[in-house]
There are 4 protein chains.
Amino acid sequence: MPINFGIIGGDARQLYLAKSLEEDGHSVYLSCLENAKGAEVFPKVPLKKISTLCETVILPLPVIKGEGLLNAPFSAHAIKADDEFAKMLEGCTVLAGMTSKLPQTEVWQKTSPIDYYSREELISGNAVLTAEAAIAMAIQEYPGALNGASCLVTGFGRIGKSLCDMLHSLYAKVDCAARKKLDFMMIQNMGCQPVQYQAISRRYDIIFNTVPSEVLGEKQLASQDKDTIIIELASLPGGVCLETAQKAGIRVIDGQSLPGRVSPKTSGEYIKQTVYNILEE
Amino acid sequence: MPINFGIIGGDARQLYLAKSLEEDGHSVYLSCLENAKGAEVFPKVPLKKISTLCETVILPLPVIKGEGLLNAPFSAHAIKADDEFAKMLEGCTVLAGMTSKLPQTEVWQKTSPIDYYSREELISGNAVLTAEAAIAMAIQEYPGALNGASCLVTGFGRIGKSLCDMLHSLYAKVDCAARKKLDFMMIQNMGCQPVQYQAISRRYDIIFNTVPSEVLGEKQLASQDKDTIIIELASLPGGVCLETAQKAGIRVIDGQSLPGRVSPKTSGEYIKQTVYNILEE
Amino acid sequence: MPINFGIIGGDARQLYLAKSLEEDGHSVYLSCLENAKGAEVFPKVPLKKISTLCETVILPLPVIKGEGLLNAPFSAHAIKADDEFAKMLEGCTVLAGMTSKLPQTEVWQKTSPIDYYSREELISGNAVLTAEAAIAMAIQEYPGALNGASCLVTGFGRIGKSLCDMLHSLYAKVDCAARKKLDFMMIQNMGCQPVQYQAISRRYDIIFNTVPSEVLGEKQLASQDKDTIIIELASLPGGVCLETAQKAGIRVIDGQSLPGRVSPKTSGEYIKQTVYNILEE
Amino acid sequence: MPINFGIIGGDARQLYLAKSLEEDGHSVYLSCLENAKGAEVFPKVPLKKISTLCETVILPLPVIKGEGLLNAPFSAHAIKADDEFAKMLEGCTVLAGMTSKLPQTEVWQKTSPIDYYSREELISGNAVLTAEAAIAMAIQEYPGALNGASCLVTGFGRIGKSLCDMLHSLYAKVDCAARKKLDFMMIQNMGCQPVQYQAISRRYDIIFNTVPSEVLGEKQLASQDKDTIIIELASLPGGVCLETAQKAGIRVIDGQSLPGRVSPKTSGEYIKQTVYNILEE
């Protein structure tokens, strides 16, 4: 059954989301995306009319950027995600990424925003996209081959697991740092070498950090040198002591938010699939 | 037994070659590499003295660039690879990449240049580097995920084989175009779908061309669209009818000479290993 | 710090467990394993003395077999796992596999048996062993090649995931049946095709069942034929309607308890590692 | 265009070959296969009539077994592959496996037998079948897991390459012994460790021999022990010094002719594909 979707703000992913929804036979209205490439083929609606036209509204991922502003890099104007904004969504099913960043007001709570970014399937899909993009970065930034390179992956969550799998398949030599004993056996079973964070002491060609707290401090960086590259995948503050890295001349490459930057098309399609699953439940 | 190597001209690979030779205990003298980053730690010698100092001289890959000039992008001056140049190498073992491009003069023939680029091990190593770098390009340029993307590899030589292997490992869906019936079974045995060049008729997300003659003409490009990207890996003239591609709005991305551009370190090390094998034989 | 371990009953895995513990410098005493090959090199102790000699006692996996009997196929006598038996373990740390099958008496409860089989690391290790052994069975029993064979994996738990991974790596074509929408994206990201149980309608060369309740009933088996083989990996009653399978002439191969049957050495080592982790906590 | 094929003698592969030819719409007549399971559905013809009925005759692989006898284990009688036999094939296109074993008589030469076993595509397909079956053997015979097992592959021909690929994918640790320096780089690029035959000195859990001359002699076996298993894949005399192995208590498992034993269906289909390719050329 076709649905009228309103997509408000967001980055390139939301455009691909719009296209993909339309290909499935739904109607899509855009708002706050005037300057996005490809937006011209969709009907634009003023925010005020959204709730009249659309049953379901999809807000950006993350929904908020900066101080209470809607994350809308392609909007001609800055949009406050305040109560007035929330009121315009009344009566719609509201979906947003990282709803915890929304104002905790009564009006917003009445919209009952559903967080699509907290969903298992999107997290898992994004992990694959992140790992892929991180590997592309590693190949391009490291002057040697990935094949045969000695790599360290810190963290054995979804991104870490995906990295271990892909790196092994591409014939890198992989150590993976984890905390839980339970993970050690699984790391070994993936053809990789488990290592405790405190025991990181070998030199690596490439380090992929997935842990959002300092796991690569003075001790761990002591064995690295200026030919080591670190790809920082974790959200701020990241896992690398930047001061130590800088002193040692170790390059730390920004690998944050890769799915949106490198694979907006599939990111958008994953959001769509997640939205469908939410609406079906 | 330590050898005195002279490295004359070439790109970043030759610097890594120099470093790697030195780490193995050899002496390395550089010439025509004045402006290369990292060259300052090696003794520079004027061309005239090379044959006095060095037993073995390694010329660039490819040895010639443009009209009879030595391929020496980091040299302060253009160097003619003429008889005068050849004479200065007298008495040395001379190794060069693509010797067929050297002048066919008597003086050059007396230097008996050995082509390290024609060696199986270097070709095979470069194929891996090319495939890796092409995959990184695909991940970064294609807005979707490589995972699940529908890919076409044209050609089932070394680069084609390596691409099929890596793409399958990264969960892409891979068709591979080949001419020989004999290759069809091998392609299938790698988890890929073989296709005749004349039968290419599906739309692909990503096409990797490895064939240096036009295999992607009007017929084959007819089923592609402006979201298809083609990564051209073959040497000139390449395998894509550029005119047709341009009309159809299909992006053709330059993927030529990837080992030197993306993995100069390992490229240099592969050259070293090849040189060792040649000298031992 | 060396520990005195008592190993009572069990199958070949316990012998490898004993060897591996001893190689790590511990002392190992055996009981109820008289007829096991390789048992002769370990000191045998009567059950009564176990608690005097050993700090830690490891009971079999599963601990109970049949009506209240200790699972002790290599014992000269049947051993009742009754209160009298439990009393002899007093004062020891008691570890056992599947403690839920032990008598729920006060005496047994006083021994506080710790279930090593419920541990994540052992379950995860056993999943890998099961998948490996199932693949070996498939290669040997199916008269075609696994490479290119059309396979169905039912269930996307640990064993299902491991099977999908290995089958894809060996170039089979893999469908995986799952219930949760959430799993569908992950299955696709592993290069496999997700399918709902109700929608199983293609013919397969090989089916691996990992679900311990009937998921392969009349409907699903209707599209299979006498050349299809099913490898039943789930514990009783399994996932296959045996009556329907028999009528259709479909072979159902017993793949239960594979880790103990095919890889007792690694199974024993996994138990050891799990025991270490338990004792450390 | 349908062809009348005559299949004379051979093992289970020829039955699958017959089935597969028939499924493609050809007519198939059998001879000297009376006792083969599944043969009853095909028309049987006496040898004398073969040339009247069939344009193309497919002899077994290998065509000869024992002293000048046709390889026909399912025949009710022993068949001499003599001139009289050859005369009955007059006028047919004759295909056979290992034609070098046929009598070198004038009559046989007049039949111009084409060796389908010397064809690249069949050799390459059989290598995959051999590697698969060898891996199944290893999983079942080695009491530990293949995952993490230390393996040695001797030889880097087609079977060796296929083994390296599959073993790495299944997370074994793989050394590969080769003679040519040229192979060393390729072995490394497949995530394996190259080793010279003379330098084999580590202990391995599992050894796969693919070399048909003694490469595992006293020196190489000295570091193995009674828990090492060797899977002998090479044709006689094989690569293992059996006397040394026996003294050391090392198990040598017969892995000869695996495609026919383990995967007769796909073997037969590969023969069919090869026959088609031959007839088309």
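Visitor: How many residues of chain C are in contact with chain D?
Guide: The model is a predicted one. Chain D gives 20 residues to this contact. On the side of chain C, the number in contact is 20 residues.

Visitor: Which element gives the largest share of the side of chain C that touches chain D?
Guide: The elements of chain C that give two or more residues to this side are α11 (264-280), α6 (158-169) and α5 (120-141). By class, the side has two charged, six polar and 12 nonpolar residues. The largest share, seven residues, comes from α5(C).

Visitor: Are α5(B) and α7(D) roughly parallel or roughly antiparallel?
Guide: Helix α5 of chain B covers residues 120-141, and helix α7 of chain D covers residues 181-189. Their axes lie 8 Å apart, and the helices pack at an angle of about 15°. Angles under 35 degrees count as roughly parallel. Therefore α5(B) and α7(D) are roughly parallel.

Visitor: Which residues in α7(D) meet α5(B)?
Guide: The crossing of these two helices, α5(B) and α7(D), is left-handed. From α5(B) come B:Glu120, B:Glu121, B:Ser124, B:Gly125 and B:Val128. The residues they meet in α7(D) are D:Leu182, D:Met185, D:Met186 and D:Asn189.

Visitor: What kind of axis relates chain A and chain B?
Guide: A turn of 180° with a shift of 0.0 Å along the axis lays chain A on chain B, with an RMSD of 0.1 Å. The two copies are thus related as by a two-fold rotation axis.

Visitor: Which C-alpha in chain A is nearest the axis?
Guide: The axis is the one about which a turn of 180° lays chain A on chain B. At 2.1 Å from the axis, the nearest C-alpha in chain A is that of A:Ala136.

Conventions: Residues numbered from 1 in each chain as written. Chains lettered and ligands numbered in written order. Predicted model: local features only at pLDDT ≥ 70, side-chain atom pairs only at ≥ 80, totals over all residues. Axes fitted to C-alpha atoms, helices over the stretch in contact; angles between N-to-C directions. Helix = DSSP H or I, 4+ residues; strand = E, 2+ residues; numbered from the N terminus. Parallel < 35°, antiparallel > 145°, perpendicular 65-115°, else oblique. Left-handed = near helix turned anticlockwise from the far one by under 90°. Contact = placed C-beta atoms within 7 Å. Nonpolar A, V, L, I, M, F, W, Y, C, P; charged D, E, K, R; others polar. Least-squares fit on C-alpha atoms with pLDDT ≥ 70 in both.
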